[in-house]
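User: I have a protein model to look at. Please take me through it in short steps.

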Amino acid sequence: MTTAPVRPPLVRRSDRFIAGVCSGLAAHLGLPVNTVRVGMVLASFAGGAGVVFYAWLWIMVPTAYESARRQAGRPASPIAPAVSREPVHAGNPGLPAGSPPAAGSGAVVPGVSGAGMGAADAAAGSSVGAPDGPAAAVPPPLFRFRDMRYGKEILLGVGLLLVAGILCAQLLGVDVPLGTLIPAAAVLGGASIAWMQLDETRRAGLVDMTKANQTGGWARLAAGLALVVAGVLVMVSGSGSWEQTWLALLASVAVLGGVVLVLLPWGLRFWRDLEAERAGRIRETERAEIAAHLHDSVLQTLALIQRRAANEHDVVRLARAQERELRGWLFEDPGKDSGQLSDRIKAVAAEVEDLLGNVVEVVSVGDTAVMEGHEALIQASREAMLNASRHGAGPVSVYLEVSGERAEVFIKDRGPGFDLQDVPEDRMGVRESIIGRMKRHGGTAKIISSNEGTEVRLGFPAAQADSTEGRP
Amino acid sequence: MNLAQSGGIGTGGATRQVRVVLVDDHAIFRSGLRADLDPSVQVVGEAATVEQAIAVIARERPDVVLLDVHLPGGLGGGGREVIAGSASLLSSTRFLALSVSDAAEDVVAVIRAGARGYVTKTISGAEITDAVYRVAGGDAVFSPRLAGFVLDAFGTAPADIADDELDRLSARELEVMRLIARGYSYKEVAKELFISIKTVETHVSAVLRKLQLSSRHELTKWAAERRLL
């Protein structure tokens with residue numbers, strides 16, 4: 001740990017008493033949380049230094065979520081790298097191209113749900129290198145930004161040291177010309193605030209500029225301008241009478257106005273060109289992503305389909321798997337949290353579809369995070385889908401509804417149906433994996449079967465702690 | 001399947017043939033659809049773009065237009081634009097939207113423009129024939145997915161008396177939508193709820209009307225979340 005220069009990024013974490021500063025700091029420094037907390041409290045007694053330090057970090061350090069959001073940048077970008085890993089699977093003729101990650105193994109981030117990139121993953125991935133994350137698209141500005149951030153802090157530290165030195169000197173009786181120093185410092189500070197933006201706007205031009213960034217930039221520009229103008233005014237007015245100052249001010253405002261008037265159209269055109277170019281570049285990136293995706297998965301699947309044209313079953317399965325993947329890529333809301341209950345049910349349905357080649361259509365209404373007991377619901381649904389796919393005819397309909405308290409799953413097929421009484425005792429499928437499992441976890445399972453089809457109805461109350469059985 | 005038996009010639013009251021125009025920009029899909037449709041359905045015209053579609057519909061005045069949601073031409077509005085361009089015929093010509101898209105925005109936009117139903121392109125020939133007859137007879141056709149969207153948009157809690165009646169589904173309408181989302185055919189819904197098929201159709205049409213007319217804030221919010229507006 002000590003030899004590795006790589007530390008987790010300094011972010012405020014979610015396990016917290018106040019703002020998550022201490023736990024974030026502890027993770028960053030590799031110290032136990034409690035040590036840091038006690039240290040912070042002790043430091044607070046030293047003239048409130050701990051409190052000031054805490055407040056400082058609270059303001060300056062982003063939360064893990066914010067940090068992830070910042071690193072993730074545009075939501076679309078993580079797709080391309082995720083998808084480009086696909087050929088590993090798609091190239092294997094034994095496997096359907098788009099299917100592998102959807103199988104719910106959990107080991108690989110599925111190409112599509114990676115778009116949402118859970119905050120936790122992104123935080124971990126965004127640490128120092130993040131070579132295959134979104135950072136890869138724009139590495140130099142990112143690193144420059146990091147340098148810049150430390151640079152800012154160093155600058156601030158130097159400034160504070162200077163102020164402290166001047167104060168000390170004054171205390172020691174040295175005559176410091178504050179009358180000129182303060183305005184000069186104001187001018188310097190204002191100018192540096194304004195100039196610091198230059199680098200950041202260039203970075204923002206490459207990523208895309210959000211509204212928040214823009215307003216922050218304007219505020220900084222205004223602050224810098226105000227500081228410079230005030231500093232210059234004080235400096236100038238110190239050397240002459242007020243009347244002269246006013247005259248000079250008026251003249252300079254007039255000159256500035258004239259210059260603005262002349263340069264405005266030119267500036268506007270320049271700005272518009274810049275905007276157009278930026279939009280063009282974003283479009284280009286998007287197009288490249290789509291092209292990469294089409295190439296990596298769709299063309300691969302089409303090639304596979306041509307090779308296996310003789311086998312109808314395989315062709316249908318390949319086409320279906322590709323359709324599912326493409327749909328997920330095109331229509332899934334990237335802002336949505338992944339790993340919700342509906343995602344799990346859909347993943348299970350995809351798995352069953354791949355296994356048996358029968359279409360499983362999932363419709364979901366409402367959603368919830370997967371809680372402990374839901375695992376039983378998912379597994380029972382899987383079992384019911386397998387049965388429906390195996391014995392039913394035509395597509396299997398799956399309907400998931402989550403409303404407030406309850407999660408319900410309905411699995412319907414149009415097979416010949418069966419009578420539960422006729423199922424032999426030793427057949428574990430229905431009795432054990434569906435009904436028994438649901439009951440053990442406090443849920444309900446009901447099977448309605450007629451000669452026109454079978455419907456399995458599974459119900460599960462929400463907020464149900466589950467401790468009796470782990471994953472089957 | 002059961003769908004075809006329950007609907008079809010019986011409900012449409014069709015001693016006459018149903019006249020249909022196919023609108024889709026893929027010739028392969030049009031010819032496939034033509035072959036899949038029941039012989040009792042008469043295809044009187046085809047179109048591949050928004051302009052062609054509006055012209056063919058105005059000339060032929062069909063009973064039903066099978067309309068792809070995504071179409072080239074026009075102002076880029078696709079199927080929605082075709083319906084808007086044929087607004088004067090909406091009383092006699094019914095639109096049934098067909099799409100490969102699962103995006104909520106496509107589905108809801110075309111329904112709100114005036115389509116009487118929405119089915120996906122993977123649907124079988126018998127099912128699509130049944131849907132054509134249903135729409136020709138003035139009913140609405142809801143696929144399980146559309147029912148799911150409706151439930152998602154309107155919420156699954158039944159209406160209060162205080163609510164504007166357009167803003168929520170009644171308890172019965174909710175039940176019908178839920179069953180359709182679960183993959184039930186109209187006939188099966190009727191059997192499950194001990195009501196007639198005609199009543200099921202009435203409920204579905206009522207939901208369609210609400211979907212088209214409601215301006216409730218939750219629908220707007222729901223749509224905005226999915227970048228519809």
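**Surface, helices and a turn of the chain**

Analyst: The accessible surface of chain A is about 27,200 Å². Carbon and sulfur atoms hold 66% of that surface. Keep in mind that this is a predicted model.

User: What share of the residues in chain A is buried?

Analyst: A residue counts as buried under 20% relative accessible area. Chain A has 472 residues. Of these, the buried share is 32%.

User: How many helices and strands are there in chain A?

Analyst: Chain A has both kinds of element. The strands number five, and the helices number 15.

User: How do the axes of H1 and H3 of chain A lie to each other?

Analyst: H1(A) covers residues 21-29, and H3(A) covers residues 49-60. Their axes come within 10 Å and cross at roughly 80°. Angles of 65 to 115 degrees count as roughly perpendicular. Therefore H1(A) and H3(A) are roughly perpendicular.

User: Which class do the residues in the contact of H1(A) with H3(A) belong to?

Analyst: From H1(A) come A:Val21, A:Cys22 and A:Leu25. They meet A:Phe53, A:Tyr54, A:Leu57 and A:Trp58 of H3(A). No residue in this contact is polar and none is charged. Seven are nonpolar.

User: Which residue just after H10(B) takes a positive phi?

Analyst: Helix H10 of chain B runs over residues 186-193. Its buried residues include B:Tyr186, B:Val189 and B:Leu193. Just after this helix, phi is positive, at about 55°. The residue is B:Phe194.

Notes
Residues numbered from 1 in each chain as written. Chains lettered and ligands numbered in written order. Predicted model: local features only at pLDDT ≥ 70, side-chain atom pairs only at ≥ 80, totals over all residues. Heavy atoms only, no water. Buried < 20%, exposed > 50% of the residue type's maximum accessible area, 1.4 Å probe, protein only. Helix = DSSP H or I, 4+ residues; strand = E, 2+ residues; numbered from the N terminus. Areas by Shrake-Rupley, 256 points an atom, 1.4 Å probe, with all protein chains shown as cover. Axes fitted to C-alpha atoms, helices over the stretch in contact; angles between N-to-C directions. Parallel < 35°, antiparallel > 145°, perpendicular 65-115°, else oblique. Contact = heavy atoms within 4.5 Å. Nonpolar A, V, L, I, M, F, W, Y, C, P; charged D, E, K, R; others polar.
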